[in-house]
Amino acid sequence: MNDYQRYALYFAPHAESDLGTFGNGWLGREPAQDIDLTRPEISGLNANDIIVATTSPTRYGFHGTLKPPFALRNGQGRSGLEAAVERLCADAAPITCGPLILKSIGQFLALVPTKPVAPLENLAGMLVRSLDGFRKPEDMAAMNKRRAAGLTERQEGYLVAWGYPYVMEEFRFHLTLSNKLAPEQLARFEESLGPLVAPLCDAPFQIDDICLFGDPGNGKPFRLLKRFALAG
């Protein structure tokens, strides 16, 4: 069992699903097998446009964050983490939200579920709280890097308590599609992607399992290590 510098709990659609086929193709990578994929042909965009605009989400894999990346504290190991996640998922029920929508969040594009999203927010909060004993506290340099973006008082409290400012009430689930883009880029990508994602936004958004991802470090792509069914 390989060790990784960091671990994270994500939602990641199955590669063979319509959402997985789109997302992995768009980012040019399948994170479970760690293989490169051919980028799709999209009106108004060329392959280089897409590659340059998706470097960050491509590294992380097509996903929605539930528990942000964290290093294991001393004395904890991957096998213990997996056992804890499996126990939590055995009691957690599958989740159904409203359909996805294509939305700009600040300067990047994402697919975001519509109401009801409270069960999804509760799942993420439970994972953050219940697995915090595995998390190595962030060092001051990492925390100050987060602070540089400007945090509210509540976000600062969450950064200190949980190692990440956008958890609990600050959590907003999203499936990231791009890096930060200039306004004219954002509008162009949104216009081009709209027709492609429209079929994915017709039905309710469902989460039946969650995934453990590993960060090998040195800027290498995250790997999808294991799926855990929500069996409650």
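**Entry 1: ring pairs**

I began with a rule: two rings of Phe, Tyr or Trp form a pair if their centres lie within 6.5 Å. The model I am looking at is predicted. With that rule in hand, I found a count of 11 aromatic pairs.

I took Tyr4 and Tyr7 as my opening example. Their ring centres are 6.1 Å apart and their planes meet at 70°, so I noted the pair as edge-to-face. Planes over 60 degrees apart earn that label. I also looked up the burial of these two: Tyr4 is buried, and Tyr7 is buried too.

Next I turned to Phe173 and Phe205. Here the centres are 5.8 Å apart and the planes stand at 40°, so this pair is tilted. Which parts of the chain does the pair tie together? Phe173 sits in the loop between helix 7 (153-162) and strand 7 (175-176), while Phe205 belongs to strand 8 (residues 205-207), so the pair joins parts 32 residues apart in sequence. I checked both for burial. Phe173 has a relative accessible area of 6% and is buried; Phe205, at 4%, is buried as well.

I then followed ring pairs from one residue to another, and they linked Tyr10, Tyr60, Phe213 and Phe222 into a cluster.

**Entry 2: charges over rings**

I stayed with Tyr60 for a moment. Arg59 lies over the face of Tyr60, 5.4 Å from the ring centre. I wrote down another case of this kind: Lys67 lies over the face of Phe70, at 4.9 Å from the centre of the ring.

**Entry 3: backbone details**

I looked for a cis peptide bond and found one joining Lys115 and Pro116, with omega at about 5°. Pro116 is in the loop between strand 6 (108-114) and helix 5 (118-130).

Then I looked at phi angles. Asp34 has phi near 60°, a positive value in a residue that is not glycine. I located Asp34 in the loop between strand 2 (29-30) and strand 3 (35-36). Is Asp34 buried, exposed or partly exposed? Its relative accessibility is 37%, so Asp34 counts as partly exposed.

Asn218 also has a positive phi, near 55°, and is not glycine either. I found Asn218 in the loop between strand 9 (209-215) and strand 10 (223-229). With a relative accessible area of 72%, Asn218 is exposed.

**Entry 4: the inside**

I reminded myself of a general point: in soluble globular proteins, nonpolar side chains tend to be buried together. In this model, the largest nonpolar core has 53 residues. Which residues have the most contacts inside this core? I noted Trp26, Leu111 and Ile210. Helix 5 gives the core its largest share, 5 residues.

I picked Ile210 for a closer look. Setting aside neighbours within four places in sequence, I listed its contacts, including Leu9, Tyr10, Leu66, Val85, Cys89 and Phe228. Lys226 and Arg227 are also among the contacts of Ile210.

Apart from the largest core lies another, of 7 residues, and Ala8, Ala12, Cys211 and Phe222 are among them. I had already met Phe222 in the ring cluster.

**Entry 5: a buried Asn**

My last stop was Asn24, in helix 1 (residues 18-27). Asn24 is buried, with a relative accessible area of 5%. What is Asn24 in contact with, leaving aside its neighbours within four places in sequence? I found Ala15, Arg29, Glu30, Pro31, Leu37 and Phe62.

Methods:
Residues are numbered from 1 along each chain as its sequence is written. This is a predicted model: local features need pLDDT of at least 70, side-chain atom pairs count only at pLDDT 80 or more; totals for chains, interfaces and linings use all residues. Side-chain values use heavy atoms; hydrogens and water are left out. Rings of Phe, Tyr and Trp (its six-membered ring) pair if their centres lie within 6.5 Å; planes under 30 degrees apart count as stacked, over 60 as edge-to-face and the rest as tilted. Buried means under 20% relative accessible area, exposed over 50%, partly exposed in between (1.4 Å probe, protein chains only). Helices (H or I, at least four residues) and strands (E, at least two) are DSSP runs, numbered from the N terminus. A charge sits over a ring if NZ of Lys or CZ of Arg is within 6 Å of the ring centre and within 35 degrees of the ring normal. A nonpolar core is a set of buried Ala, Val, Leu, Ile, Met, Phe, Trp, Tyr and Cys residues joined through side-chain atoms within 4.5 Å. Contact means heavy atoms within 4.5 Å.
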